[in-house]
Amino acid sequence: MKKWIYSIVGILFGLLVSILLFADLTPGNKGNNEESSSANKSNAEKVYVPYGKKDDYYMFASGGHSGQLFVYGLPSMRKIRTVPVFTPDPATGYGFDKDTKKMLGGYTWGDFHHPANSETKGDYDGKFLFANDVGNNRVAAVDLKTFHTADIMKLPNMGGPHAGVFVTENTEYIALPTRFARPIGDKYASLDKYKEEYKGVVSMAKFDQKKKKFSLDYQMVLPPWSYDLSDAGKKSSSDWIVMTTYNTEFATTNLEINASQKDRDYVVMINWKKLAQAAKEGKGTVVNGARMIDPRDVKGSIYAIPVAKSPHGVDVTPDGKYFVAAGKLAPIMTVFSFEKAFHAMEKNDVIKEEFGIPVLKYESVMEREVDPPGALGPLHTQFDDKGNAYNTMFISSEIVKWNYKTGKVIDRTPTYYSPGHASAAEGDTVKPDGKWIVALNKLAKDNFLSVGPSHPESMDLIDISGNKMKHVMTAPVDPEPHYAQIVKADKIKPINVYEKDEKRPFSIWSKKDAHIERKGNEVHVYGIAMRSKYVFDAKAKRPDEVTVNKGDKVFFHITNIDLDEDITHGFGINDYDLNFEVQPGQTNTLEFVADKEGTFPIYCTNFCSALHQEMSGYLLVKP
Ligand code: CUK
Ligand code: CUA
């Protein structure tokens with residue numbers, strides 16, 4: 001496309017932004033309010049899951065700046081659980097008990113954007129779910145057997161790993177590219193030195209599924225562009241990752257304008273396998289404990305391809321043959337061919353170097369541009385099982401269905417309102433289901449009963465099983481699910497209770513073994529929780545009483561010996577600002593300094609039996 005087209009598009013875009021920002025989107029403007037009652041009835045039937053039946057899918061939605069993971073059932077859209085990941089959760093004691101407190105590392109905030117399920121051969125395998133923290137540069141793994149966060153790793157040298165997480169085909173790597181460029185090594189550098197001193201970084205983490213531990217294998221050092229949500233190749237393209245860039249202008253202020261100057265930014269293609277090999281051979285340098293490789297030093301490992309103005313997401317098609325970049329500021333979707341790209345690399349079809357990175361000729365890699373009239377602000381692409389792509393249009397508030405092999409636009413449906421991502425059932429796998437897509441909207445406006453000036457976000461459930469999309473329902477969701485993944489329910493196999501393990505450190509499994517050990521000013525309570533009592537010291541006059549001296553360091557090691565599904569016991573200490581829980585068969589430790597003297601009731605905070613109210617004890621702190 002020519003420059004003048006972009007200018008016209010730019011003006012139209014600006015106009016539409018203002019119209020949409022200031023328009024009063026009353027229900028009367030909604031596209032489908034004339035649905036007949038029979039259509040409403042059939043929609044209701046589609047989402048109704050009667051008692052005794054369960055949903056067909058899990059939807060794992062990121063909790064955005066709450067730092068947590070939201071679990072929904074589909075198609076009912078019922079919220080099932082909040083799983084705390086990056087932020088303490090007083091209800092479950094996450095971040096209060098010793099192990100999870102250590103795992104959180106003192107952080108009280110996280111910004112979780114993109115969940116990624118572990119994959120085997122490009123298909124969700126139902127084992128782990130990975131999460132990124134843009135706020136504090138962390139990556140987490142949630143164990144889908146227990147729905148507990150299993151590990152969190154802090155990533156050095158990063159400036160907000162926004163463009164992840166995504167996994168390679170067999171979860172060899174969990175990739176996390178940065179959004180903000182920063183000087184490497186957490187150093188000071190003036191913004192005047194942006195181009196020289198600031199870098200974009202991609203962290204390539206590994207996760208040991210047996211030990212449930214992350215390690216940082218290597219990091220890539222890239223130009224100080226900004227990277228947006230990226231994807232890994234599949235099948236014939238599985239050695240590659242593709243990332244969109246914006247701010248190739250190197251703007252350091254007023255990015256809204258300054259990072260939107262050029263007609264073209266880039267999609268970057270990186271061969272992660274070549275870089276992994278280089279890392280293994282000890283190439284690059286080690287900074288803050290991380291091996292950093294500059295792909296420019298590894299021949300044939302990095303290429304750039306021009307792409308229309310400030311692209312947002314890039315997604316690889318299920319067959320692994322193409323990748324689709326969404327234009328954001330140029331309202332087109334561009335389909336690129338991996339095969340053509342490989343061919344262009346072979347022929348060295350390079351038009352120039354940008355920051356030392358060879359730039360492939362656009363025409364040699366581009367397969368087609370798709371430009372649905374009036375569809376504005378394409379952000380992300382999802383797929384079905386029939387070769388169709390679904391694009392969220394942030395500005396024109398709709399989803400556009402089109403065929404990525406022919407470029408033909410097939411259908412469009414409004415969303416309520418302004419979708420960021422959408423998530424299709426099994427949408428990131430080699431075999432999407434083609435049944436549902438959920439639009440994750442940034443603005444709910446008039447959708448629900450008002451709760452004041454700030455509203456929840458909203459999600460539209462859309463039936464994509466037919467040729468035409470059918471909007472089925474809208475549900476509120478807490479801010480802010482940037483992205484979600486929808487996984488077939490039968491792939492997820494949670495345990496019912498934690499296995500009884502007599503060798504587990506700090507656990508005891510019988511009332512009579514409950515005892516208290518004192519070592520100097522440390523008091524270790526080896527206790528049990530069961531329906532409906534605590535036993536801290538089997539031999540004491542009052543087995544549910546613990547007396548310590550002011551200033552003692554107190555450890556409550558509590559095992560829940562009720563090996564019965566759903567019988568979780570809580571443990572709150574009145575006036576001590578402490579609460580945690582033990583799930584069936586679990587052992588947890590609460591560690592604190594008894595710095596307040598007095599008499600403090602302990603009670604079970606999680607309803608567990610008819611005598612739950614009686615499940616209590618006392619902590620006495622002597623002066
Ligand atoms: S980014 Cu594109 S709308 Cu964080 Cu995935 Cu939110
Ligand atoms: Cu135990 Cu309530």
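Which residue caps the N-terminal end of α6? It's Asn271: one of its side-chain oxygens lies 3.1 Å from the backbone nitrogen of Lys273. Keep in mind that you're looking at a predicted model, and let's use this helix as our way in.

At the other end, just after α6, you'll find Gly282, which takes a positive phi of about 80°. Between those two ends, look at what is tucked away: Trp272, Leu275, Ala276, Ala278 and Ala279 are the buried residues of α6. Look down the helix axis and you'll see that these buried residues fall within an arc of 160°, so they line one face of the helix. Some background helps here: an α-helix has 3.6 residues a turn, so residues three or four places apart point the same way. And what does the buried part of α6 pack against? Its partners are the strands β11, β12, β14, β15 and β17, the last of these covering residues 290-293.

Now zoom out to the nonpolar core. In soluble globular proteins, nonpolar side chains tend to be buried together. The largest core here has 33 residues, and the ones with the most contacts inside it are Met204, Tyr218, Met220, Leu222, Ile241 and Ile270. Several elements each supply at least two residues of this core, including β11 (198-208), β12 (213-222), β14 (240-246) and β15 (264-271). Our helix α6 gives the largest share, 5 residues. For a close-up, click on Ile241: among the residues it touches are Phe166, Met220, Val268, Ile270 and Trp272. Apart from this core lies another one, of 28 residues, with Phe556, Ile567, Cys604 and Cys608 among them.

Next stop: Trp402, which sits in strand β27, residues 398-403. Is Trp402 buried or exposed? It's buried, because its relative accessible area is 0%, and anything under 20% counts as buried. Its neighbours include Val324, Met333, Val335, Val370 and Ile410. Ala389 is on the contact list too; Trp402 and Ala389 are 13 residues apart in sequence, yet their C-alpha atoms are 5.3 Å apart in space. There's a polar touch as well: the side chains of Trp402 and Asn391 are joined by a polar contact of 2.8 Å.

Finally, find ligand 1. Which residues surround ligand 1? They are His113, His114, His162, His312, His380, Gly420, His421, Lys442 and His482. Sort this shell by type and you get 8 polar residues, 1 charged and no nonpolar ones.

Conventions
Residues are numbered from 1 along each chain as its sequence is written. Chains are lettered from A and ligands numbered from 1 in the order in which they are written. This is a predicted model: local features need pLDDT of at least 70, side-chain atom pairs count only at pLDDT 80 or more; totals for chains, interfaces and linings use all residues. Side-chain values use heavy atoms; hydrogens and water are left out. Helices (H or I, at least four residues) and strands (E, at least two) are DSSP runs, numbered from the N terminus. Buried means under 20% relative accessible area, exposed over 50%, partly exposed in between (1.4 Å probe, protein chains only). Contact means heavy atoms within 4.5 Å. A polar contact is a pair of N or O atoms within 3.5 Å; within protein, one must be able to donate a hydrogen and the other to accept it, and residues adjacent in sequence count only if both atoms are side-chain atoms. A residue is near a molecule or strand if one of its heavy atoms lies within 4 Å of it. Ala, Val, Leu, Ile, Met, Phe, Trp, Tyr, Cys and Pro count as nonpolar, Asp, Glu, Lys and Arg as charged, and the others, Gly among them, as polar. A nonpolar core is a set of buried Ala, Val, Leu, Ile, Met, Phe, Trp, Tyr and Cys residues joined through side-chain atoms within 4.5 Å. The arc is that of the directions from the helix axis to the C-beta atoms.
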